[in-house]
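The following exercises concern a predicted model of a protein chain. Each task is followed by a solution that proceeds step by step.

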Amino acid sequence: MPTEATFKDFDWSKGTPDEQLELAQTGTDDELRALAMAYDWGAYPQTVLSWIMAQKCMDLGSAVSAFLNGEPERFNYMPKRDVPEKWKATARLLDNICLRVNSGFYLAWPDRGVLDRRRLDRWLIAQAKDREDNRQGRYVLDEAIIATLTNNELRLDREHETAVYAENQSLLRDLLSPVMELGVSRRMLRYLPEEETEERDLRKPVPRKRAVKGR
């Protein structure tokens, strides 16, 4: 691999597995998510994708897109012993992605969906049909987890949001705001009773009432 090669301009159809992995490890979170969804499973998925799919930056939509790109249909009803030797590593990688999806390793991100929604829908329909026929494929996606992606339950709707946002927003800041402010996040105050927010300083602990001893 040329020393001047960069993640952005590299031709991922070229290079050795080690060269591709080395360059992948220099990518930003956004670049890794994009590569996961675009990587050619005919190249070196066992080396490159295995590493990418284990990264914490990977979201659920990107992971499911990568999973479907691997064409799990070809192994779904094939006994493991019958998988040709040259495809066993690929089938195991699909196993690992499916396991991580179902364990909640990948989280749905607001407004970041799957690349091919119709293909995912067809997979879920076939999965439901399997249940009706009392059979089960090798790869069964947890539909409750997938619903957080397909329903876009974390979507952002700034037009109907009453809180004031800072210019530089981040999901991490929202999650940590109670700690950063040493109290309740300002975004959550609107859910408290009005008298509660007016009369008490939420940064101070609630005083404990002393028990009255009997005479």
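**Exercise 1. Identify which helices cover the buried residues of α8, and establish how those residues are arranged.**

Step 1. The cover over the buried residues of α8 includes α4, α6 (88–103) and α7.

Step 2. The buried residues of α8 are Ile145, Ile146, Leu149 and Thr150. Each has under 20% relative accessible area, the cut-off for counting as buried.

Step 3. Viewed down the axis of α8, these buried residues fall within an arc of 140°, so they line one face of the helix.

**Exercise 2. Determine how α7 and α8 are oriented relative to each other, and list the residues through which they meet.**

Step 1. Helix α7 spans residues 117–132 and helix α8 spans residues 143–150; their axes come within 13 Å and cross at roughly 155°.

Step 2. An angle over 145 degrees counts as roughly antiparallel. The two helices, α7 and α8, are therefore roughly antiparallel to each other.

Step 3. The crossing in which α7 passes α8 is left-handed.

Step 4. On the α7 side, the contact is formed by Arg117, Leu120, Leu124, Gln127 and Arg131; on the α8 side, by Glu143, Ile146 and Thr150. By character, the residues of this contact divide into 3 nonpolar, 2 polar and 3 charged.

Step 5. Two residues of α8 link this exercise to the previous one: Ile146 and Thr150 meet α7, and Ile146 and Thr150 are also buried.

**Exercise 3. Describe the buried and exposed sides of α2, and state what covers the buried one.**

Step 1. Within helix α2 (residues 29–38), the buried residues are Leu32, Arg33, Leu35 and Ala36.

Step 2. Seen down the axis of α2, the buried residues fall within an arc of 165°, so they line one face of the helix.

Step 3. Asp30 and Ala38 lie on the other side of α2 and are exposed.

Step 4. The buried residues of α2 are covered by elements including α1 (17–24), α3 (48–52) and α4 (60–69). Helix α4 is also among the elements that cover the buried residues of α8.

**Exercise 4. Place these helices in the context of the whole chain: what is its secondary structure, and what percentage of its residues count as buried?**

Step 1. The chain contains 11 helices and 0 strands. Along the sequence, the pattern reads α-α-α-α-α-α-α-α-α-α-α.

Step 2. The chain has 215 residues, of which 31% count as buried.

Step 3. Among contacts in the chain with a separation of 6 or more, 65% are accounted for by residues 24 or more positions apart.

Technical notes: Residues are numbered from 1 along each chain as its sequence is written. This is a predicted model: local features need pLDDT of at least 70, side-chain atom pairs count only at pLDDT 80 or more; totals for chains, interfaces and linings use all residues. Side-chain values use heavy atoms; hydrogens and water are left out. Axes are lines fitted to C-alpha atoms, for helices over the stretch in contact, and angles run from 0 to 180 degrees between N-to-C directions. Helices (H or I, at least four residues) and strands (E, at least two) are DSSP runs, numbered from the N terminus. Angles under 35 degrees count as roughly parallel, over 145 as roughly antiparallel, 65 to 115 as roughly perpendicular and the rest as oblique. A crossing is left-handed if the near helix is turned anticlockwise from the far one by less than a right angle, and right-handed if clockwise. Contact means heavy atoms within 4.5 Å. Ala, Val, Leu, Ile, Met, Phe, Trp, Tyr, Cys and Pro count as nonpolar, Asp, Glu, Lys and Arg as charged, and the others, Gly among them, as polar. Buried means under 20% relative accessible area, exposed over 50%, partly exposed in between (1.4 Å probe, protein chains only). The arc is that of the directions from the helix axis to the C-beta atoms.
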